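Here are my notes for your review. Please read them with the model open.

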Amino acid sequence: MSETTTPLTDLLAESSIQLDAHASSKEDAVEQAGAALLAAGAIDASYIDAMLQREASVSTFVGEGVAIPHGTLAGKEAVKRDALVLLRFPDGVDWDGNEVKIAIGIAAKGNGHIALLSQLASILLEPEKAAALREATTTQAVYELLASEDDDDDANG
Amino acid sequence: MATLDGSSVKKLIVACDAGMGSSVMLASTLKKQLKGNDVIVEHSPVATIPQDADVVVTQASLADRARGVVPNVPVVPFNLFLGDPAVTRVVKAIQSGDSIEV
């Protein structure tokens with residue numbers, strides 16, 4: 001399967017980065033991530049229900065204070081284009097006992113988001129970079145962290 | 001329980017429900033760790049795990065579904081996306097060519 005690399009700013013628009021968000025619960029945070037994907041024109045509203053379903057069955061907490069809420073296989077039909085949103089919760093959100101400060105909402109029907117998720121994975125494996133992401137207060141800082149260092153990460157095999 | 005022969009693993013599948021998020025991240029991490037071991041690492045929705053997989057790693061809550069899809073393939077459940085000991089064991093077995101019980 002061939003993979004096209006979507007420019008970072010197309011995938012994660014500056015308007016889709018919220019660095020001072022507040023959520024009262026995990027569900028609230030997931031709904032906010034869904035609302036941001038909806039505002040970005042990436043999904044139909046029904047995808048937000050799929051995100052909540054997925055979260056209820058299997059948490060998307062990935063460690064280092066980061067969760068990556070996304071929909072289910074069935075919810076994929078509600079995705080219009082590959083897009084990500086990033087919400088930062090400076091006060092943290094209780095995510096089944098884990099504290100989440102960064103929620104990255106994902107809508108994907110293709111592979112345009114794979115390079116960005118690969119980069120996110122490498123950030124999370126380096127504690128100081130993960131801390132920098134949690135503490136990012138400018139969109140520029142977010143982009144600098146998420147800009148792919150190498151482009152050979154074809155996670156599709 | 002099943003025995004996984006690390007030296008015979010040519011294709012490792014990371015499975016999750018949608019194949020959209022978490023499995024993508026773990027697959028990219030494992031791909032980096034197994035660079036040079038001649039192993040294909042792919043992510044897949046659990047419902048469509050390829051039958052020619054040699055080992056499947058998946059979230060604990062999806063392990064039974066995965067075993068139903070590929071009954072003859074060792075399935076390794078994990079709980080943590082980053083640094084789960086079960087996944088680390090599989091990586092080490094592939095790197096060293098050792099056999100482990102999974």
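1. In what order do the 5 strands of the open sheet in chain A run, and with what pairing? The order is 1-4-5-3-2, and the pairing is mixed. Bear in mind that this is a predicted model.

2. Now the edges of that sheet. Strand 1 (17-18) and strand 2 of chain A hold these positions. Each of them pairs on one side only.

3. Inside the sheet, look at strand 4 (residues 83-95) and strand 5 (residues 98-107) of chain A. They run antiparallel, joined by 9 bridges. One residue pair to find here: A:Trp95 stands opposite A:Asn98 of strand 5 in chain A.

4. Next, the largest pocket. Its volume is about 280 Å³. It is lined by 14 residues. Closest to the centre are A:Ser59, A:Phe61, B:Asn79, B:Leu80 and B:Phe81, so named from both chain A and chain B.5. Strand 2 of chain A comes up again at the pocket. This strand (residues 61-63) gives the largest share of the lining, 3 residues. By residue type, the lining of the largest pocket has 8 nonpolar and 6 polar residues, with no charged ones.

6. On confidence, chain A has a mean pLDDT of 89. In this chain, 90% of the residues reach 70 or more.

7. Where does pLDDT stay under 50 in chain A? The stretch is residues 151-157. For these residues the model has 24 contacts beyond four places in sequence. Please keep both values for residues 151-157 in view: pLDDT under 50, and 24 such contacts.

Notes
Residues numbered from 1 in each chain as written. Chains lettered and ligands numbered in written order. Predicted model: local features only at pLDDT ≥ 70, side-chain atom pairs only at ≥ 80, totals over all residues. Heavy atoms only, no water. pLDDT = per-residue confidence, 0-100. Contact = heavy atoms within 4.5 Å. 1 Å grid on protein atoms, 1.4 Å probe; cavity = no way out; pocket = protein on both sides within 12 Å on 5 of 7 lines; lining within 4 Å. Points joined across faces, edges and corners; volume = space filled by probe spheres on them. Helix = DSSP H or I, 4+ residues; strand = E, 2+ residues; numbered from the N terminus. Nonpolar A, V, L, I, M, F, W, Y, C, P; charged D, E, K, R; others polar. Pairing = 2+ DSSP bridges.
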